[in-house]
Amino acid sequence: MGTTIHPSAIVDPKAELADGVEVGPYAMIEGDVTIGENTKIAHHAFIASGARIGNDCIIHHSAVVSNVPQDLKFSGDEVTTVEIGNNTTIREFATVHRATIHSYKGNAGTHDGVTRVGSNCLIMAYSHVAHDCILGDHVILSNGVQVAGHSTIESFVTIGGLSGVHQFSMIGAYSMVGAVILVSKDIPPYSLTGDTPPRFIGINRIGLERRGFSSELIKKIRAAYKRLYFSGMNFSDALADIEKDPSMQIPDIQKIIEFVRRSDRGIIGS
C-alpha cells in the first residue's frame with residue numbers, strides 16, 4: 001500500500017513517508033522528515049525538518065510539529081529533532097517544537113537535542129510542547145495546556161485544560177493535574193494536584209484503578225503519601241521513615257522516594 005498525497009500538499013522529495021501515509025490538502029512537509037506507516041497528516045498541517053513521527057499517528061489540521069524552538073539560544077543552524085511514538089494524536093492548532101542544541105543534564109535526566117513525545121499520547125487542541133521536553137507514553141494534555149522547555153512528564157499523566165507547566169518541571173507517572181493549574185513545583189508520581197496555588201490533594205485513585213493497580217497496592221501508595229505529607233515530619237525525615245518500613249520496600253514506593261530526592265525545585269505541598 002503506497003502513500004496518498006493530495007495534489008495541493010507540498011512535500012519535500014527528501015521526506016521519507018512510509019506505506020499507508022496520507023497527506024491532506026495544503027499540508028506542508030519539509031525535508032529531513034520521517035513519517036511511519038499509516039500515519040495521517042490532515043489539511044494545512046506543517047511538519048518541519050527534524051520530525052520523526054511513528055506509525056498510526058494522526059496529526060490534525062493546522063497542527064505544527066518540529067518547528068524551530070522559541071529559545072534565544074537557538075541560532076537557526078542547529079540540527080535537532082522531534083521524536084513522536086506510535087499511535088499518538090496531535091489535535092488542531094497544537095504545536096510541538098524541536099529541541100535546541102543546548103544540552104542540559106539535571107534532575108529530570110539528560111536533554112540531548114531531542115524533544116520526545118511517547119506512544120499513545122493525546123495532545124489536544126491549542127496545546128504546546130516546547131523545546132527539549134520529554135513526554136512518556138499515554139500522556140494526555142487537555143485543551144490549551146502549555147508545557148515550557150526542558151520539562152519532563154512521565155507516562156500515564158493527565159493534565160487538565162489551560163494548565164501551564166513551568167520550565168524544567170517534572171510530573172511523575174500516573175499523576176493527574178487539574179484544570180487551570182500553574183505547575184511551578186514538581187509533582188510526584190500517583191498524585192492528584194488541584195487548587196491555586198497547586199497542592200497535593202490525594203492520590204490519583206481512580207486513575208490507578210483504571211490502570212489495573214490492586215487495592216492493596218493503592219493502600220500502600222496512600223500510606224506512603226500520608227507519611228510524606230501529613231505526619232508532621234519534613235520531607236527528608238518522612239522519606240527516611242518510609243525507607244525503614246519493610247512493608248514499603250516495593251518498586252512503586254521506591255519510585256516515589258527516588259522522584260522526591262532528585263527534585264531540584266522541590267515538590268508541591270499539601
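## Terms and model

A residue is called exposed when its relative accessible area is over 50%, and buried when that area is under 20%. These words are applied below to a predicted model, in which residues are numbered from 1 along each chain as its sequence is written.

## The aromatic cluster

With that cut-off in hand, F230 can be placed: its relative accessible area is 53%, so F230 is exposed. Y229, by contrast, has a relative accessible area of 9% and is therefore buried, and the description of buried applies to Y225 as well as to Y229.

Across the whole structure, a search finds eleven aromatic pairs. One of them joins Y225 and Y229, whose rings are stacked, with a distance of 6.1 Å centre to centre and an angle of 20° between the planes. Both residues belong to helix α2, which covers residues 215-230, and because they are four residues apart in that helix, about one helical turn separates them. Y229 also pairs with F230; here the ring centres are 6.2 Å apart and the planes stand at 45°, so this pair is tilted. Taken together, Y225, Y229 and F230 are members of one aromatic cluster that also includes F200 and F235.

## The open sheet

Which strands make up the sheet, and in what order do they follow one another? Nine strands form an open sheet with parallel pairing, and the order runs β2-β5-β8-β11-β14-β19-β22-β25-β28. The edges are taken by β2 (10-11) and β28 (182-183), and because each of these has a single partner strand, one side of each is left without a neighbour in the sheet.

Within this order, β14 is followed by β19, and the pairing of these two strands can be described in more detail. Strand β14, made of residues 95-97, and strand β19, made of residues 128-129, pair in the parallel sense over two bridges, and V96 stands opposite V129 in β19.

## The largest pocket

The largest pocket has a volume of about 230 Å³. Its lining is made by 13 residues, and those that lie nearest the centre of the pocket are T158, N204, G207, R210 and R211.

Which helix gives the most to the lining of the largest pocket? That helix is α1, covering residues 205-210, which gives four residues to the lining. In terms of residue character, the lining of the largest pocket divides into six nonpolar, five polar and two charged residues.

Terms used: This is a predicted model: local features need pLDDT of at least 70, side-chain atom pairs count only at pLDDT 80 or more; totals for chains, interfaces and linings use all residues. Side-chain values use heavy atoms; hydrogens and water are left out. Two strands pair if DSSP finds at least two bridges between them. Rings of Phe, Tyr and Trp (its six-membered ring) pair if their centres lie within 6.5 Å; planes under 30 degrees apart count as stacked, over 60 as edge-to-face and the rest as tilted. Buried means under 20% relative accessible area, exposed over 50%, partly exposed in between (1.4 Å probe, protein chains only). On a 1 Å grid over the protein atoms alone, a cavity is a set of points where a 1.4 Å probe fits but cannot get out, and a pocket is an open set with protein on both sides within 12 Å along at least five of seven lines; lining residues have an atom within 4 Å of a point. Grid points are joined across faces, edges and corners, and a volume is the space filled by probe spheres set on the points. Ala, Val, Leu, Ile, Met, Phe, Trp, Tyr, Cys and Pro count as nonpolar, Asp, Glu, Lys and Arg as charged, and the others, Gly among them, as polar.
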